[in-house]
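Hi,

Here is the structure I promised to pass on. Have a look at it first, and then read on for what turned up.

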Amino acid sequence: MGYEIGRFEGEVDEELICPICSGVLEDPLQATQCEHAFCSTCIHDWMNRQPTCPIDRGPLLRKNLKPVPRILRNLLSRLKLSCNNAEFGCTAIVKLDSLQSHLQECEFNPKKPILCDRGCGLTMPKDELGDHNCVRELRAVVLQQQSKISSLQTEVSDLKMQHAESKRELQMLKENLRVSRHSGTHSPEAGSSTETEEIRRWIGTLQPCRVTRWGGMISTPDTVLQTVIKRALIDIGCPSSIVSELMENSHERRWPPGLGTLEARQLNRRLYENYVCKRITGRQAVVVMACENLHMAEEMIMEPGLVMIFAHGVE
């Protein structure tokens with residue numbers, strides 16, 4: 001829809017008038033065949049009803065519409081007209097090509113965004129300030145934020161469940177691979193279920209414990225100490241298929257990235273309390289089995305589990 005002619009200073013050339021709305025051309029387009037010009041909105045609305053030129057009734061397709069020549073655009077840009085907000089008190093007369101920039105800054109624009117100076121600091125159109133209630137609007141904002149937070153919490157919860165399920169599936173695959181490796185076959189089904197159940201039953205017989213002095217951890221036990229702890233594992237019924245692997249995992253050279261160096265252990269020390277530990281009876285040592293620590297990050301646990309030996313502090 002074009003600009004009202006009454007808003008312009010002086011006479012407006014007939015070539016700058018839209019033949020559909022009889023207003024001054026707004027965002028004009030030209031038909032390539034006949035070179036007639038129309039407002040963009042006007043000609044598109046017209047063609048929704050009939051694909052012809054409104055003046056000569058010749059056939060017209062949307063692909064045959066193009067921007068008007070530069071000379072016509074220059075003539076339009078030089079026209080001067082009153083501000084859209086004249087009815088609200090604006091007396092400015094501006095060039096057509098400067099109208100949009102003026103409207104953004106016009107103090108009489110009822111839709112100009114302004115900040116509330118009553119305390120809430122919200123931004124709103126100028127004409128809504130009179131009915132604005134800070135408490136009501138802030139309450140609405142809080143409700144929107146709460147709804148968004150609730151939605152994000154639900155999404156995070158779903159992602160955590162998916163992650164936990166993926167970790168459980170990965171744990172089962174790792175256990176099957178480990179059993180296959182020890183049984184000398186590459187078939188995951190070969191004895192895996194029986195051996196897995198044996199390991200879980202053994203874990204169930206162990207006494208949960210608490211480490212009170214993680215600083216007493218011996219990260220590089222010598223061969224004699226490892227032999228003593230290995231004998232203790234056998235004495236408490238540790239399945240033979242994992243005894244050697246657990247003992248290999250008692251030295252920092254085999255530990256996961258989160259435990260493998262002194263710096264890493266110091267950085268992750270606050271996470272130790274999250275371990276599920278089972279005591280190796282009669283010794284200052286614990287087993288931290290992967291199947292009981294699925295909640296731990298991958299860099300803090302390894303298959304089938306860890307043996308941690310301490311100078312003191314296991315209760």
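Which residues does lysine 167 touch, not counting those up to four places away in sequence? One thing to keep in mind as you look: this is a predicted model. The residues touched by lysine 167 are Leu294, His295 and Met296. Lysine 167 itself sits in helix α4, which covers residues 134–183. Its C-alpha atom is 6.7 Å from that of leucine 294, although 127 residues separate the two along the chain. Lysine 167 counts as buried because its relative accessibility is 13%, and the cut-off for buried is under 20%.

Another buried residue worth a click is asparagine 85. You'll find asparagine 85 in the loop between β4 (80–82) and β5 (93–95). Its relative accessibility is 5%, so asparagine 85 counts as buried too. Leaving aside neighbours within four places in sequence, asparagine 85 is in contact with Cys90, Leu103, Cys106, Phe108, Asn109 and Pro110.

Now for the strands, starting with β1 (residues 28–31). Pro28 and Gln30 point one way from β1, Leu29 and Ala31 point the other way, and all of these are buried. That fits a general pattern: in a regular strand, side chains alternate between the two faces of the sheet. Strand β1 has two partners to look at:

- Strand β2 (residues 37–39) runs antiparallel to β1, and three bridges join them. Here proline 28 is opposite cysteine 39.
- Strand β3 (residues 65–67) is also antiparallel to β1, again with three bridges. Leucine 29 has proline 67 of β3 as its bridge partner.

The hairpin made by β1 and β2 has five residues between the strands, and in it glutamate 35 takes a positive phi near 65°.

Glutamate 35 turns up again in the largest pocket, which holds about 230 Å³ of space. Its lining includes Glu35, His36 and Ala37, along with Gln30 from β1 and others such as Glu14, Ile17 and Leu72. By class, that lining has six nonpolar, two polar and three charged residues.

The second largest pocket comes in at about 180 Å³. Pro28 is one of its lining residues, and so are Tyr3, Leu25, Asp27, Arg73 and Asp97, among others. Helix α2 (residues 70–78) gives the most to this lining, with three residues. The classes here are five nonpolar, one polar and four charged. Leu25 is worth colouring in, as it appears in the linings of both pockets.

Further along the chain there is an open sheet of four strands, in the order β8-β11-β10-β9, with antiparallel pairing. Its edge strands are β8 (217–218) and β9 (278–279), each of which pairs on one side only. Two bridges join β8 to β11 (residues 305–310), and methionine 217 stands opposite phenylalanine 310 in β11. Helix α6 (residues 223–235) packs on this sheet, where it touches β8, β10 (285–289) and β11, and its direction makes about 120° with that of β11. Helix α7 (residues 240–248) packs on the sheet as well, touching β10 and β11, and its direction makes about 55° with that of β11.

That's what I have for now. Happy browsing!

Technical notes: Residues numbered from 1 in each chain as written. Predicted model: local features only at pLDDT ≥ 70, side-chain atom pairs only at ≥ 80, totals over all residues. Heavy atoms only, no water. Buried < 20%, exposed > 50% of the residue type's maximum accessible area, 1.4 Å probe, protein only. Pairing = 2+ DSSP bridges. 1 Å grid on protein atoms, 1.4 Å probe; cavity = no way out; pocket = protein on both sides within 12 Å on 5 of 7 lines; lining within 4 Å. Points joined across faces, edges and corners; volume = space filled by probe spheres on them. Nonpolar A, V, L, I, M, F, W, Y, C, P; charged D, E, K, R; others polar. Contact = heavy atoms within 4.5 Å. Axes fitted to C-alpha atoms, helices over the stretch in contact; angles between N-to-C directions.
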